[in-house]
Amino acid sequence: MSAENVIVSIGGLIVDDIVVSKNGPRRENILGGSGVHATVGMSIAGTCIEDLPVCPAVLVAKVGSDFQKNHWKLLADSGVDLENVTRIDGFATPHALQDFSEGFRKHIWISSKEEFVSHFRISNEDIVALFGKLKSTKKTYSCFLHFLHFPAQGVLDAIDALPENEVPTVFSLWEPVPTAFRIHNLIDIQACVARVAVFSPSLEECNSILPKEHVADQLTNATNVLRVIKKWGAPIVVLRMGEEGSLLWHERAPQKITYTPAFAVKEVIDTTGAGNSFCGAFLVGLAAGRDPEWSAALSTAVASFTVEQYGIPLKGSVQELAPKRLHQVIGMQETLEFSD
């Protein structure tokens with residue numbers, strides 16, 4: 001990977017309260033958000049690649065004037081580049097409850113959702129400003145971009161609007177926002193998928209907008225879903241299946257899919273952010289020149305650390321174990337025949 005590559009997550013930074021069971025305690029003031037989990041996943045993934053030059057994961061996000069010093073330090077210690085995290089004075093950092101007590105996740109705003117949309121959501125202008133900073137260094141960059149925006153078209157339009165000589169080569173991974181993955185948005189979703197390099201939805205999201213086949217097992221269901229969404233045009237599709245693992249298809253080997261089981265940890269504490277860290281790590285693998293299959297194994301190993309505690313894993317406590325888990329996951333992968 002060239003030192004002139006930049007790996008960026010354009011996502012959210014939120015302080016979470018988390019409830020995992022009806023009778024369990026409420027964990028409060030947990031650092032979270034999609035961008036946070038993705039960039040920490042990127043940083044941990046880098047510890048698995050021996051020839052990877054120092055290249056901090058860049059977080060593009062906004063925080064309130066109350067954002068705590070210990071949270072700043074936690075991100076910095078995790079190897080996250082915070083230069084593009086902006087403080088919004090006069091407003092509190094977005095705050096939400098992640099409630100798993102009924103067997104599925106409910107995202108409930110504690111702070112104002114309208115305030116988040118008005119003041120904390122990353123705008124096209126923020127993306128333009130990021131590329132402006134890259135240009136000011138007088139280097140030629142390839143930008144590996146993780147984003148969750150919907151409509152995703154807004155992000156792509158922002159890139160298209162820049163003068164050609166100001167735009168680094170952009171390799172984009174879209175992890176769709178679950179609340180926007182709805183049947184009435186299907187045409188827009190398909191249009192966005194056709195323009196990104198990697199599309200990584202969850203199986204649950206896909207089942208909410210596609211006819212679900214009556215099949216005996218989840219892997220068969222996921223394979224059927226993959227047959228549909230790979231036709232939307234992304235060169236690489238990674239279908240995330242939670243505790244069942246992931247399915248990978250890419251255009252360089254169209255008659256094959258790779259099944260990567262989830263890594264079995266001793267105890268799952270909290271699954272918040274596992275999908276985000278998975279996607280962040282996948283980009284790191286590709287940016288390092290590895291193939292999609294290896295990158296899927298890397299993502300699985302990194303995501304396994306996310307579920308072992310509340311909030312983000314501490315990089316210093318997992319960096320020696322991460323390469324070992326990666327080796328184990330590679331040994332568990334299966335290549336399956338695939339056809340339309």
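This passage describes the sheets, helices and nonpolar cores of a predicted model.

A convenient place to begin is the open sheet of four strands, whose order is β3-β2-β7-β8 and whose pairing is mixed. Its edges are formed by β3 (27–32) and β8 (106–109), each of which pairs on one side only. Neighbouring strands of this sheet are turned against each other by 35 degrees on average, direction ignored. Within the sheet, β2 (residues 14–19) and β7 (residues 95–99) run parallel and are joined by five bridges. Asp16 stands opposite Ala96 of β7, and Ile18 stands opposite Gln98 of that strand. On to β8, the sense changes: β7 and β8 pair antiparallel over four bridges, with Ile108 in β8 as the bridge partner of Leu97. These two strands form a hairpin with six residues between them, and Gly103 in the turn has a positive phi of about 90 degrees. Four of the five residues of β7 are buried, so this strand is largely enclosed by the rest of the structure.

One residue of β2 deserves a closer look. Asp17 lies in this strand and counts as buried, because its relative accessibility is 4%, below the 20% cut-off for that class. Leaving out residues up to four places away in sequence, Asp17 touches Arg26, Arg27, Glu28, Asn29, His95, Ala96, Leu97, Gln98 and Ile110. Asp17 also illustrates how the fold relates sequence to space: Gln309 is 292 residues from Asp17 along the chain, yet their C-alpha atoms are 13 Å apart.

Strand β4 offers a second view of the interior. Eight of its eight residues are buried, so β4 is largely enclosed by the rest of the structure. Both faces of the strand are covered, with Ala57, Leu59, Ala61 and Val63 buried on one side and Val58, Val60, Lys62 and Gly64 buried on the other. β4 runs parallel to β1 (residues 5–10), to which three bridges join it; here Val60 in β4 is the bridge partner of Ile10. Two bridges also join β4 to β5 (residues 80–81), again in parallel, and Asp81 in β5 is the bridge partner of Val58.

The nonpolar interior comes next. In soluble globular proteins, nonpolar side chains tend to be buried together. The largest nonpolar core of this model has 53 residues, and those with the most contacts inside it are Leu13, Val36, Leu75, Val198, Phe282 and Leu298. Elements giving two or more residues to this core include β4 (57–64), α1 (34–46), α2 (69–77) and α10 (292–306). Helix α9 gives the most, with nine residues. Around Leu13, the residues touched include Leu31, Val36, Leu59, Ala61, Val63, Phe67 and Leu75, with residues up to four places away in sequence not counted. Apart from the largest core lies another, of 39 residues, among them Phe199, Ile209, Val237 and Leu247.

Helix α10 also holds Ser299, which is buried, with a relative accessible area of 0%. Beyond residues up to four places away in sequence, Ser299 touches Phe278, Ala281 and Phe282.

Two further helices can be compared with the expected rise of 1.5 Å a residue. Helix α4 (residues 124–136) has 13 residues and should therefore span 18 Å; its end C-alpha atoms are 19 Å apart, which agrees. In α4, Ile127, Leu130, Phe131 and Leu134 are buried. Because these residues cover an arc of only 90 degrees around the axis, they lie on the same side of α4. The face turned away from this buried side carries the exposed residues Glu125 and Ser136.

Helix α8 (residues 218–229) has twelve residues and reaches 16 Å from its first C-alpha to its last, close to the 16 Å expected. Its buried residues are Asn221, Ala222, Thr223, Val225, Leu226 and Ile229. The buried residues of α8 pack against a group of strands and a helix, namely β11 (198–199), β12, β13 (246–250), β14 (256–260) and α7 (203–209).

Methods. Residues numbered from 1 in each chain as written. Predicted model: local features only at pLDDT ≥ 70, side-chain atom pairs only at ≥ 80, totals over all residues. Heavy atoms only, no water. Expected span 1.5 Å × (residues − 1). Buried < 20%, exposed > 50% of the residue type's maximum accessible area, 1.4 Å probe, protein only. Arc of directions from axis to C-beta. Pairing = 2+ DSSP bridges. Axes fitted to C-alpha atoms, helices over the stretch in contact; angles between N-to-C directions. Core = buried A, V, L, I, M, F, W, Y, C linked by side-chain atoms within 4.5 Å. Contact = heavy atoms within 4.5 Å.
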